[in-house]
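Here are my notes on the model, as numbered points. Please read them with the structure open.

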Amino acid sequence: MRWILCAAFMCIGVIPAIAIGIGAYKTSVNSYIKQREVELTTYASVLSKELSNSAYFDNISSQTINSEIKLASDMYNGRIIVVNKEYKIVKDTYYASENKYIVTEEIIKSLTGKRSSIYDSANNFFEIIEPIEVYAKDSTKETSYNGAVLMSFKITDIVDYEKEQARKIQLLIVLECVLLFPLALILSQKMVCPLRKVADSIEQISDGYTEETVEESGYAETILIAEAFNKMVSKTKQLDLSRQEFVSNVSHELKTPITSIKVLADSLTMQENVPVELYKEFLTDIAEEIDRENKIINDLLSLVKMDRTAAELNISQVNINELLELILKRLRPIAAKRNIELVFESFRPVIAEIDEVKLTLAFSNLVENAIKYNIESGWVRVSLNADHKFFYVKVSDSGIGIPDDVQDRVFERFYRVDKARSRETGGTGLGLSITKNAILMHKGVIKLYSKENEGTTFTVRIPLTYIS
Ligand code: ADP
């Protein structure tokens with residue numbers, strides 16, 4: 001890229017310079033030719049005047065005027081021919097065509113008073129034809145012409161002039177290239193520098209040499225790349241961290257009931273003559289721990305299922321009113337145990353395209369939590385509403401609430417606000433993760449509003465029609 005930029009800068013600098021150079025060269029050569037033309041035409045006009053004043057055609061052998069013609073032709077290194085009105089050449093400084101006749105369009109025109117000037121650029125030849133007036137003492141008389149003077153000159157110095165100009169312009173262009181190249185090199189280096197920096201940092205980070213992030217500097221585009229890359233790196237780090245945390249949490253959670261079982265079993269085997277009552281009590285505890293282990297494993301399996309792609313969803317048309325009523329019916333006995341009132345409010349019948357099993361699990365978790373983390377004789381309200389696009393489920397309770405600072409964390413795997421209480425109520429800390437995953441799989445949204453010691457509300461919004 002650096003060399004492409006460098007070449008582009010060179011082109012931008014040199015191409016206009018060449019164009020300007022060619023233009024300047026042409027203008028300068030043209031103005032030189034024009035200047036020579038003016039010079040020669042003026043001279044031809046002066047000569048024609050002199051021929052007229054001296055009534056040349058009456059005295060062709062005039063020494064003075066003939067030597068003047070000769071002097072002029074020598075001075076300009078050209079040929080001068082004088083033609084009379086019969087188109088006869090009366091004077092030729094080359095003596096080659098004297099007394100011969102010359103009839104050309106320009107000569108015919110010159111006898112009517114029209115002067116011509118022709119430049120043959122291929123041979124650098126100038127031909128000027130100037131009419132010769134009939135000398136008249138009386139200026140009031142009408143002007144007439146009785147001949148023409150034809151001057152042809154080779155502009156020999158034009159070639160040198162052209163060469164000189166071309167050389168100057170070439171020199172200027174070469175000089176420009178020499179000066180421009182290091183400048184273009186520095187500029188292109190400067191321009192690719194931020195990109196190089198980003199690329200180097202990305203390479204170092206990918207190779208794992210550094211823990212740092214890519215420096216967000218340079219152009220707007222490189223800042224955007226650096227930002228996007230840093231975001232990706234931090235996400236990967238977070239993912240890695242949460243995976244590590246998850247594995248350690250899983251091991252810990254699975255180990256806890258097993259450790260309890262081991263302690264209970266050991267204490268039984270290490271004692272002699274253990275009463276049957278103690279056996280019974282310890283074995284009941286062991287059975288409880290096994291149930292807990294079983295629940296953790298089941299929750300983990302549900303979570304793993306939710307982690308798979310949405311293609312695993314088993315979508316069908318489901319009556320959401322019936323689905324929620326069934327969940328409440330199942331949980332009513334648990335609520336009744338703590339004298340908790342369970343109310344269902346439906347604003348309209350709702351039928352939606354969902355995975356029945358997964359959403360049943362999600363809503364059950366919400367209602368179960370609302371009962372679990374409630375006060376004695378509290379209430380749980382479940383409401384269902386819909387518009388033309390979504391259905392909305394709201395689960396509110398009069399429970400203990402969730403502190404503000406941990407509200408974001410309750411959806412994390414194994415996170416529990418009060419570990420002891422959660423354990424008491426058989427919680428694994430996986431319920432809300434499962435719920436959130438199930439809702440996200442349906443392209444839905446879950447939000448939480450809670451105030452400590454006042455209660456909690458979870459709101460869920462899910463599209464009526466499944467969007468794959
Ligand atoms: P658990 O199995 O512990 O209930 P969840 O993932 O379902 O795990 O919930 C995570 C934590 O969020 C719970 O341990 C509890 O502290 C808190 N929580 C969830 N729902 C409620 C609620 N309705 N009221 C108060 N706290 C709640």
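**Notes on the predicted model**

1. Start with Val-82, which sits in strand β1. The model is predicted. Val-82 counts as buried because its relative accessible area is 0%. Beyond residues up to four places away in sequence, Val-82 touches Leu-51, Tyr-56, Phe-57, Ile-69, Lys-88, Ile-89, Val-90, Lys-91, Ile-132, Ala-148 and Val-149. Take Tyr-56 from that list. Tyr-56 and Val-82 are 26 residues apart along the chain, and their C-alpha atoms are separated by 9.7 Å.

2. Now the sheet around β1. Five strands make up an open sheet, ordered β2-β1-β5-β4-β3, with antiparallel pairing. Its edge strands are β2 (89-92) and β3 (116-120), each of which pairs on one side only. From one strand to the next, the twist averages 15 degrees.

3. How many bridges join β1 to β5? Seven bridges link β1 (residues 78-84) with β5 (residues 145-154), and the two strands run antiparallel. For a specific register check, use Ile-81: its bridge partner in β5 is Leu-150.

4. Which strands does helix α2 lie across? Helix α2 (residues 63-75) lies across β1, β2 and β5. The helix runs at about 145 degrees to β1.

5. Thr-93 deserves a look. It is in the loop between β2 and α3 (105-110). Is Thr-93 buried or exposed? Thr-93 is buried, because its relative accessible area is 5%, under the 20% limit. A polar atom of the Thr-93 side chain lies 2.9 Å from the backbone nitrogen of Ile-80. Not counting residues up to four places away in sequence, Thr-93 touches Ile-69, Lys-70, Ser-73, Gly-78, Arg-79 and Ile-80. Ile-69 also appears among the contacts of Val-82.

6. On nonpolar packing, the largest core has 54 residues. Which of them touch the most other members? They are Leu-324, Phe-363, Val-367 and Phe-391. A separate core holds 25 residues, including Ile-33, Tyr-56, Ile-128 and Ile-132. Tyr-56 and Ile-132 are both touched by Val-82.

7. Phe-363 is worth inspecting by itself. Leaving aside neighbours within four places in sequence, Phe-363 contacts Leu-323, Leu-324, Ile-327, Phe-391, Val-393, Val-460 and Ile-462. In soluble globular proteins, nonpolar side chains tend to be buried together.

8. Phe-347 is in the loop between β7 (341-346) and β8 (351-355). Outside its neighbours within four places in sequence, Phe-347 is in contact with Ser-383, Leu-384 and Asn-385. Compare its position with Glu-277: the two are 70 residues apart in sequence, and 54 Å apart in space from C-alpha to C-alpha.

9. Last, the cysteines. The disulfide count is zero. Cys-6 is in no disulfide, and the nearest cysteine sulfur, in Cys-11, is 9.8 Å away. Why is there no bond from Cys-11 to Cys-6? Their sulfurs are 9.8 Å apart, which is too far for a bond, because a disulfide needs the sulfur atoms within 2.5 Å. As for burial, Cys-6 counts as buried at 3% relative accessibility, whereas Cys-11 counts as partly exposed at 40%.

Note on methods
Residues are numbered from 1 along each chain as its sequence is written. This is a predicted model: local features need pLDDT of at least 70, side-chain atom pairs count only at pLDDT 80 or more; totals for chains, interfaces and linings use all residues. Side-chain values use heavy atoms; hydrogens and water are left out. Buried means under 20% relative accessible area, exposed over 50%, partly exposed in between (1.4 Å probe, protein chains only). Two strands pair if DSSP finds at least two bridges between them. Helices (H or I, at least four residues) and strands (E, at least two) are DSSP runs, numbered from the N terminus. Axes are lines fitted to C-alpha atoms, for helices over the stretch in contact, and angles run from 0 to 180 degrees between N-to-C directions. Contact means heavy atoms within 4.5 Å. A polar contact is a pair of N or O atoms within 3.5 Å; within protein, one must be able to donate a hydrogen and the other to accept it, and residues adjacent in sequence count only if both atoms are side-chain atoms. A nonpolar core is a set of buried Ala, Val, Leu, Ile, Met, Phe, Trp, Tyr and Cys residues joined through side-chain atoms within 4.5 Å.
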